[in-house]
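Here's a walk through one protein model, feature by feature. Keep the structure open beside you and follow along.

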Amino acid sequence: MGNLEKLIAFGVKCQTNGGFAPIWLQGALRAGSFAVDEPESSQLLTGLLMALPLCKGESAIKISPAVNKSYLDLTLDLLREFGIIVSRDKTGKMFNIPGGQKYRPCKLVMEGDWATASFLLVAGAVAGSIVVSGLTTDTDQPEKAVLYALDRAGAEIEVLNGSISVRKHRLTAFDFDTADCPHLVPPLVALAALCRGKSVLYGTDRLRSKEQERIHRLVSVFSSLGIRI
């Protein structure tokens, strides 16, 4: 079931041009209980968790299997900052959303984006050195695992006073599971291409539902550069 069909279950009228843009949507979203099987990503669920608290009545969403727990943790933490309460059971698969809530204003200091910074950190590891500031290791962002991958590959890493320093060193092949941090796959492919030996990235299935089928694009582009992938 695609995302539009899932929205229809919550009362939204949807129409497309044969599955393509333009897309017409007409609300309003309504509360309800729904099961999402084999979710393609956490993005639709994130949107529902933000919108359903404003509806009249209680909503419940069950997902199978659980997806991108860290991204959902970030969403729930942010909702709490704005006074919105969403509860989740211990399995991480069931969300209960009281309706009739209201967002309240608050002051926030936004974290630096580890997904974007990962490209710069990898660039330092393969091309010389770099210092990236504005990042915190005390975060639920799963992309901070890029530090683990860089360490496995042999890069020199230093974390000091809110800055991450990465320097080129003798890079060797590494294995890494990207299931919880799919946005790291593109920069880690670039890193692996310049490591001695054969690296293996696991858990890349979710990239098939991203824009332009990223696995195919990565294979195509890096192969054209002479990289065996």
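## Helix 5 and its buried face

Let's start with helix 5, residues 146-153, where Val146, Leu147, Ala149, Leu150 and Ala153 are buried. Look down the axis of helix 5 and these buried residues fall within an arc of 160 degrees, so they line one face of the helix. Bear in mind that this is a predicted model. As for the general background, an α-helix has 3.6 residues a turn, so residues three or four places apart point the same way.

What sits over that face? The cover on the buried residues of helix 5 includes helix 4 (114-127), strand 8, strand 9, strand 10 (175-177) and helix 6 (185-193). Right after helix 5 comes Gly154, which takes a positive phi of about 100 degrees.

## The three-stranded sheet

Strand 8 and strand 9 turn up again in an open sheet of 3 strands, ordered 7-9-8, with antiparallel pairing. Strand 7 (129-133) and strand 8 are the edge strands, and each of them pairs on one side only. On average, neighbouring strands in this sheet are turned by 15 degrees against each other, if you ignore direction.

Zoom in on strand 7 and strand 9: they run antiparallel and are joined by 5 bridges. Within this region, Ser133 stands opposite Ser163 in strand 9. Two helices meet this sheet. Helix 4 lies across strand 7 and strand 9, and runs at about 160 degrees to strand 7. Helix 5 packs on the sheet too, touching strand 8 and strand 9, and its direction makes about 145 degrees with that of strand 8.

## The four-stranded sheet

There's also an open sheet of 4 strands, in the order 3-4-6-5, and here the pairing is mixed. Strand 3 (33-37) and strand 5 stand at the edges with a single partner strand each, so one side of each is left without a neighbour in the sheet. A quick refresher: strands of a sheet pair through backbone hydrogen bonds, either parallel or antiparallel.

Which way do strand 3 and strand 4 run relative to each other? They run parallel, with 5 bridges joining strand 3 to strand 4 (residues 59-64). If you'd like a spot to click on, Val36 stands opposite Ile63 in strand 4.

## Salt bridges

How many salt bridges does the count come to? The count comes to 3. One of them pairs Asp73 with Arg88, whose closest N and O atoms are 2.4 Å apart. Asp73 belongs to helix 3 (residues 69-81) and Arg88 to strand 5 (residues 87-88), so this pair ties together parts that are 15 residues apart in sequence. Asp73 is buried, at a relative accessible area of 14%, while Arg88 is partly exposed at 25%.

Helix 3 also holds a salt bridge between the side chains of Arg80 and Asp77, at 2.3 Å from N to O. These two residues both lie in helix 3, 3 residues apart, which is about one turn of the helix. Arg80 is partly exposed with a relative accessible area of 41%, and Asp77 counts as partly exposed at 31%.

Back in the three-stranded sheet, Glu156 forms a salt bridge with Arg167, and their closest N and O atoms are 3.3 Å apart. Glu156 lies in strand 8 (residues 156-160) and Arg167 in strand 9 (residues 163-167), so the pair ties together parts 11 residues apart in sequence. Glu156 counts as partly exposed at 32% relative accessibility, and Arg167 counts as partly exposed at 32%.

## Cysteines

Now for the sulfurs. A disulfide is a covalent bond between the sulfur atoms of two cysteines. How many disulfides does a search of the whole structure find? That search finds 0.

Take Cys14: the closest cysteine sulfur is in Cys55, 14 Å from the sulfur of Cys14, which is too far for a bond. Cys14 counts as partly exposed, at 22% relative accessibility. Cys181 is in no disulfide either, and the nearest cysteine sulfur, that of Cys195, is 16 Å away. Cys181 counts as buried, at 4% relative accessibility.

Conventions
Residues numbered from 1 in each chain as written. Predicted model: local features only at pLDDT ≥ 70, side-chain atom pairs only at ≥ 80, totals over all residues. Heavy atoms only, no water. Salt bridge = Lys/Arg side-chain N within 4 Å of Asp/Glu carboxyl O. Buried < 20%, exposed > 50% of the residue type's maximum accessible area, 1.4 Å probe, protein only. Arc of directions from axis to C-beta. Contact = heavy atoms within 4.5 Å. Disulfide = S-S within 2.5 Å. Pairing = 2+ DSSP bridges. Axes fitted to C-alpha atoms, helices over the stretch in contact; angles between N-to-C directions.
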